[in-house]
Every structure is written in C-alpha cells, then in structure tokens.
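Open the model in your viewer and keep the sequence panel beside it. Each stop below says what to select and what is there.

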Amino acid sequence: MTSVFADDGSGTAENELDISLSTEENLFDISNMKPGDWAPRTVAVQNSGSKDFVYQMQLQNSGDNKLFNELLLEIKAGDTELYQGNLAAFNSLPERKLTSGTEENLDITIRFPEHLGNDFQGLESAFVFTFTAEGKDNTTVQVMTAGQVASVGPTPGGSNLPTTSSNVFILILAGTLLVAGGIVLIFIRHYRRMKIAQ
C-alpha cells in the first residue's frame, strides 16, 4: 500500500512538497521464505514537488514479534551502506536530501538467518515503511509502503524442516575416545605379555 499524508495547515503545500515511491504495491510480499533466503528490493524515493526537502525512513512492526525480531535488514544507497542489522533494531535512516525533480534509489534487502530452526516454521511478520519529507518551512508529507514475510510451513506429511547442522564435534569426541580406548587395551595386553614372560 502507498499512502500520502500532508501536514501543511494551509492546503497549498501539497503541490509544492511531494514525496512518492516507485512502487505502488507492497515493497515485500514473501510467502515461502526459509533459513538462508534473502529478498532484495529497490525503491526509488522521488521528489515530485517544486520544493527541496529532506526525508527520513522509519519502520514499524504491525504483526507478530517472533519472526520480526530475528529478520535482518540491509539498506544501501548506491555503494553507501546506510543500515545493516536486525529489522527490529532499525529506528530510522539519517536525513537524506532530495532536490526538486530528483530521486534516489534505495536497495533494501531482508534476510532470513540461516541458524533459525524449526520453531520458526509457518510464522509471519508484517511491517510498514514510512517515508517522511520535511520542507524548510517544517511542512511534512508522508508516504508508506508495507511488507510481509511468511516462513515456509510444515510439509504436507507434517515433518519438520531438515536439521542442517551436523554433529561433527560429537563424532570427533567419539572417535577420540575409541582411539584412546584402543591405546589403553594395547598397553594392557603388552603388560600382561611382559608379566607372563617373566
């Protein structure tokens, strides 16, 4: 969804101060995400009005917390990294300036961490990105776009996702114990032979 709100007090600033997004739909609408997946999106933030402005981007959770707290977010403008971290920890972007008639592409990526296990199957997360433009006269205009991420649910047979981590350390420990036990048996056998030979 894309929504626009003006707070100008006069009704004239709506034409002069105008922020819009290149997407008319939800920025993210992912229905089958699983651990290790990522979803890159590019959104153009456009200054379609006659006045320069600075804008900020904020994020608000509008769904369940469990998956939302674990998803990762990356935001870049060209080669400049603006944010990298948890979706839940994101507050807002530093102010970005856009002159009249220009636009800026933001590359936004959502990542589903590889370490998340079966207890994250079938969960959903919903959130809203709010872009707020502010003119020199403190007039503000907002535009919003939503996002939704749903993780893969249980398979039709009801089985869980496969366990992707191996028990390497347990195997190493078992192998070490077997080798140590073999060495002890060799010493005992050698000791008995030496005792019999005397």
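**Whole chain**

Begin with everything shown: among contacts between residues at least 6 apart in sequence, 75% join residues at least 24 apart. Keep in mind that this is a predicted model. Switch to cartoon. Three helices and eleven strands make up the protein's secondary structure. Trace the cartoon along the sequence and the pattern reads β-α-β-β-β-β-α-β-β-β-β-β-β-α.

Now turn on the surface. The accessible surface is about 12100 Å², and carbon and sulfur atoms account for 52% of that. Of the 198 residues, 33% are buried.

**The open sheet**

Hide the surface. Select β2, β4, β9, β6 and β7. These five strands form an open sheet in the order β2-β4-β9-β6-β7, with antiparallel pairing. Look to the edges: β2 (19–21) and β7 (80–86) each pair on one side only. From one strand to the next, the twist averages 20°.

Next, select residues 38–47 and 103–111. These are strands β4 and β9, which pair in the antiparallel sense over nine bridges. Pick out Val45 for a single example. Its bridge partner in β9 is Glu104.

**Glu74**

Move to residues 72–77, strand β6, and show the side chain of Glu74. Is Glu74 buried or exposed? Glu74 has a relative accessible area of 18%, and buried means under 20%, so Glu74 counts as buried.

Which side chain makes a polar contact with the side chain of Glu74? Select Arg111: the two side chains make that contact at 2.7 Å. Then add the rest of the surroundings. Leaving aside neighbours within four places in sequence, Glu74 is in contact with Tyr83, Gln84, Asp107, Ile108, Thr109 and Arg111.

**The nonpolar core**

A general point helps here. In soluble globular proteins, nonpolar side chains tend to be buried together.

Which members of the largest nonpolar core touch the most other members? Select Leu106, Ile108 and Phe131; they hold that place among the 40 residues of this core. Ile108 has already appeared on the tour, as a contact of Glu74.

Finish by centring on Leu106. Residues up to four places away in sequence are not counted here. On the list of residues it touches are Arg41, Thr42, Val43 and Val45. Leu106 also touches Tyr55, Met57, Lys76 and Ala77. Add Leu82, Leu93 and Phe131 to complete the selection around Leu106. Two familiar residues are in view: Val45, the bridge partner of Glu104, and Phe131, from the core trio.

Notes. Residues numbered from 1 in each chain as written. Predicted model: local features only at pLDDT ≥ 70, side-chain atom pairs only at ≥ 80, totals over all residues. Heavy atoms only, no water. Pairing = 2+ DSSP bridges. Helix = DSSP H or I, 4+ residues; strand = E, 2+ residues; numbered from the N terminus. Axes fitted to C-alpha atoms, helices over the stretch in contact; angles between N-to-C directions. Buried < 20%, exposed > 50% of the residue type's maximum accessible area, 1.4 Å probe, protein only. Contact = heavy atoms within 4.5 Å. Areas by Shrake-Rupley, 256 points an atom, 1.4 Å probe, with all protein chains shown as cover. Polar contact = N/O pair within 3.5 Å; in protein donor to acceptor, adjacent residues only side chain to side chain. Core = buried A, V, L, I, M, F, W, Y, C linked by side-chain atoms within 4.5 Å.
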